[in-house]
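Student: I would like a close look at how the helices of one chain pack against each other. Please take it pair by pair, and then say what else in the model can be described in the same way.

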Amino acid sequence: MATMEDQTSAPVGVATAPARAPFPYRRMFLLAAVAVLLVAYPSLFPSGFAQNVGVNALTFAVAATGWNLLGGFTGQVSFGHAVFFGAGMYTTALFVMNGMSPWLSMLPAAVIAAGFGLLIGLPCFRLRGHYFSIATIAVGEIALTVAIDRSWVGGSEGLTLPLLDESLWNLQFSLRDLTQYYYVILGIFAVVTLVSFLFVRGKAGRYVRAIRDDDRAAAAIGVPVRRYKLIAVALSGAITAWAGSFQVMHALFVDPPSALDLAVSIQIALIAVFGGAGSLWGPLLGGWSIIFIQSYTSVHWASPGRPIDLLIYGALITVIAVVEPSGLVGLLRRARRFVNRRFSVRGTATPATPVTVVGDGS
Amino acid sequence: MSSSDTVAAAAVDETDTARNVLEVEGLTRRFGGLVAVNEVTFSVQQGTILGLIGPNGAGKSTLFSMVAGEQQPSEGVIRFDGRVVTGWSAHQAAAAGVGRTFQLMRVFGSMTVMENLVTAAHLRHRGTRAARRVAEQVCEELGLADIAYHQADSLTAASKKRLEMGRALATEPKLLLLDEVLSGLTPTEAHEATEIVRGINNRGVTIVMVEHVMEVVMSLCRHLVVLDFGQKIFEGTPDVAVHDEAVLEAYLGS
């Protein structure tokens with residue numbers, strides 16, 4: 001074994017690296033703080049405007065969490081997630097119109113969306129990069145056209161849900177106070193974030209990130225690339241469908257533009273990317289900020305064509321693309337690094353101590 | 001240490017010839033009118049290091065890709081571990097025990113060195129803890145421990161090549177395909193890398209290496225296959241190769 005021991009001592013004699021990553025106390029603290037804030041939000045901001053922002057932010061945070069599994073962690077950028085959102089909206093609408101509880105529709109909605117995901121993935125995953133993204137736009141447009149055409153989903157007039165007794169089982173509450181809706185969607189958000197976390201932290205998560213970084217290298221270490229892409233799109237679709245299921249209970253109405261328009265797909269993708277693609281925090285941050293901007297501009301600077309929020313969107317996308325491709329999460333990380341350096345809080349907190357690192361991007 | 005391995009290997013052999021891990025027969029790959037690899041036949045004995053050399057464009061990397069399942073042969077047969085595996089896919093090859101590196105480095109850039117290795121170790125170990133144990137071993141063995149928590153993107157070329165070897169090793173392969181892991185390194189780095197390759201081989205891993213640095217090939221390989229324009233022009237020991245007329249012609253021109 002002499003030669004091998006030589007190897008371990010051969011490279012430049014630097015201080016030994018930590019044997020394992022330290023326990024993430026800071027992250028746990030952050031998690032607890034955010035959870036408290038989210039739970040307290042309706043009491044802190046009781047206005048109708050704030051409630052609306054909260055419910056919509058969390059709805060789209062759920063949708064973006066689904067998108068993030070495929071677009072962020074697996075690196076397959078989709079502009080067709082309205083298909084899954086719409087699948088959730090329509091499935092739940094049809095269940096409720098046939099006298100069943102919306103909760104019972106959640107499982108079939110997820111299964112149908114996962115099935116759509118596989119159907120889309122089988123042909124589209126033959127394409128890579130931008131070509132895949134373009135194909136997903138086409139899929140979304142097909143879904144929109146089909147929904148307008150088919151009368152059993154209400155055609156272009158859409159479906160209106162019946163008003164039921166207000167109860168958790170019926171997922172209908174007083175629309176004057178959205179607090180109950182808020183807590184329901186907060187619960188759904190917690191569940192899907194936990195599911196994402198469990199998916200991302202283990203073997204499956206490492207495999208999809210390997211695919212994102214380099215699919216040829218991933219195959220060379222034994223990753224069945226196609227299978228893992230299909231798993232990712234199925235799970236991604238199922239989660240986004242749940243956002244749709246909730247959305248239709250809150251709106252009590254679904255028609256093709258509100259469910260399947262390209263704008264819905266872009267909204268979902270934008271929220272994930274703006275917040276931070278490939279980070280579990282991304283959808284939450286993106287959801288709150290984008291929905292807030294959107295609601296604020298449409299209330300305060302309302303005009304018939306609503307061009308202001310589109311302008312702001314465009315500016316935001318440009319800023320993100322130029323300044324920080326990993327979104328708000330990236331900006332916050334950068335701020336933390338800055339603070340750490342400035343005040344040398346736990347000098348070794350950032351694992352990549354620049355010994356041989358040439359430049360770590362900052 | 002290698003003697004015990006050799007004894008063990010010899011004991012397993014029942015036939016008089018040593019067992020072949022890889023056998024390639026009449027392997028051909030055409031791209032339209034171009035024949036990149038033309039009816040190449042050779043075999044690799046268990047526990048040895050085979051050098052695959054030849055001028056640029058000789059078809060070495062294409063041959064590698066076919067063995068590793070990344071490209072499909074137009075004709076011919078590949079046998080791995082006694083089983084016909086012609087036309088398998090890359091992940092099947094990896095699962096069966098073929099590890100490889102890439103000529104142009106392909107590390108998982110957003111991950112740390114350790115994560116790269118853990119991901120590779122998942123091929124044989126489902127759980128994170130077990131995969132991590134393998135990754136830590138590989139880290140030690142390849143001298144990657146002090147950069148274990150650096151992001152792979154930020155590594156030097158030499159470290160990336162070492163990480164590629166480590167990643168292949170973390171899949172616990174029987175056969176390792178090394179595509180120019182020594183080119184472009186400084187003499188010191190190249191020397192270290194040579195010792196690493198030797199160490200891996202001493203553990204009983206069979207190796208096929210594409211290499212340009214002749215000194216290395218001479219010191220590591222007991223057996224050489226020389227390709228030129230897709231055809232095998234020589235097979236034998238390195239000291240015979242350097243006097244072979246066809247080989248000299250291919251390298252130096254007539």
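Tutor: What follows covers helix packing in chain A, then a residue of that chain, then a sheet in chain B. The model is predicted, and everything below is to be read on that basis.

Start with helix α3 (residues 48-73) of chain A and helix α7 (residues 179-201) of chain A. Their axes lie 9 Å apart, and the packing angle is about 15°. Angles under 35 degrees count as roughly parallel, so α3(A) is roughly parallel to α7(A). The crossing of α3(A) past α7(A) is left-handed. On the α3(A) side, the contact is made by Q51(A), G54(A), V55(A), L58(A), T59(A), A61(A), V62(A), T65(A), L69(A) and F73(A). The α7(A) side contributes residues including Y181(A), Y182(A), I185(A), F189(A), V192(A), S196(A) and F199(A). By class, the residues of this contact are 15 nonpolar and 7 polar, with no charged.

The second pair is helix α4 (residues 82-97) of chain A and helix α10 (residues 225-251) of chain A. Here the axes come within 6 Å and cross at roughly 50°. That value is neither under 35 nor in the range 65 to 115, and α4(A) and α10(A) are therefore oblique to each other. The crossing of α4(A) past α10(A) is right-handed. From α4(A), the contact takes in F84(A), F85(A), G86(A), A87(A), G88(A), M89(A), T91(A), T92(A) and A93(A). From α10(A), the residues include G237(A), T240(A), W242(A), G244(A), Q247(A) and M249(A). The count is 10 nonpolar, 9 polar and no charged.

A residue elsewhere in chain A can be described through its surroundings. L328(A) belongs to helix α15 (residues 327-343) of chain A. It has 21 other C-beta atoms within 10 Å, so L328(A) is buried; the cut-off for that term is 20 or more. Apart from neighbours within four places in sequence, L328(A) touches F274(A), G275(A), G276(A), L285(A), G286(A) and S289(A). Of these, F274(A) is 54 residues away in sequence from L328(A), yet the two C-alpha atoms are 6.3 Å apart.

Chain B also has helix packing, in this case against a sheet. The sheet is open, has 4 strands in the order β2-β1-β4-β5, and pairs in the antiparallel sense. β2 (34-45) and β5 (83-84) of chain B are the edge strands, each pairing on one side only. β1(B) and β2(B) are held in antiparallel pairing by 8 bridges; in one of these positions L27(B) has V40(B) as its partner. The same two strands form a hairpin with 2 residues between them, and G32(B) in the turn has a positive phi of about 60°. Towards the other edge, strand β4 (residues 75-80) of chain B is joined to β5(B) by 2 bridges, and R79(B) is partnered by V84(B). Helix α2 (residues 60-67) of chain B lies across β1 (20-31), β2 and β4, and runs at about 120° to β1(B).

Last comes a residue of chain B with sparser surroundings by the neighbour count. E245(B) sits in helix α10 (residues 245-252) of chain B. With 10 other C-beta atoms within 10 Å, E245(B) is exposed. Its C-alpha atom is 9.9 Å from that of I233(B), 12 residues away along the chain.

Note on methods: Residues are numbered from 1 along each chain as its sequence is written. Chains are lettered from A and ligands numbered from 1 in the order in which they are written. This is a predicted model: local features need pLDDT of at least 70, side-chain atom pairs count only at pLDDT 80 or more; totals for chains, interfaces and linings use all residues. A residue is buried if 20 or more other C-beta atoms lie within 10 Å of its own, exposed if 12 or fewer, and partly exposed in between; C-beta atoms are placed from the backbone. Two residues are in contact if their C-beta atoms, placed from the backbone, lie within 7 Å. Axes are lines fitted to C-alpha atoms, for helices over the stretch in contact, and angles run from 0 to 180 degrees between N-to-C directions. Angles under 35 degrees count as roughly parallel, over 145 as roughly antiparallel, 65 to 115 as roughly perpendicular and the rest as oblique. A crossing is left-handed if the near helix is turned anticlockwise from the far one by less than a right angle, and right-handed if clockwise. Ala, Val, Leu, Ile, Met, Phe, Trp, Tyr, Cys and Pro count as nonpolar, Asp, Glu, Lys and Arg as charged, and the others, Gly among them, as polar. Two strands pair if DSSP finds at least two bridges between them.
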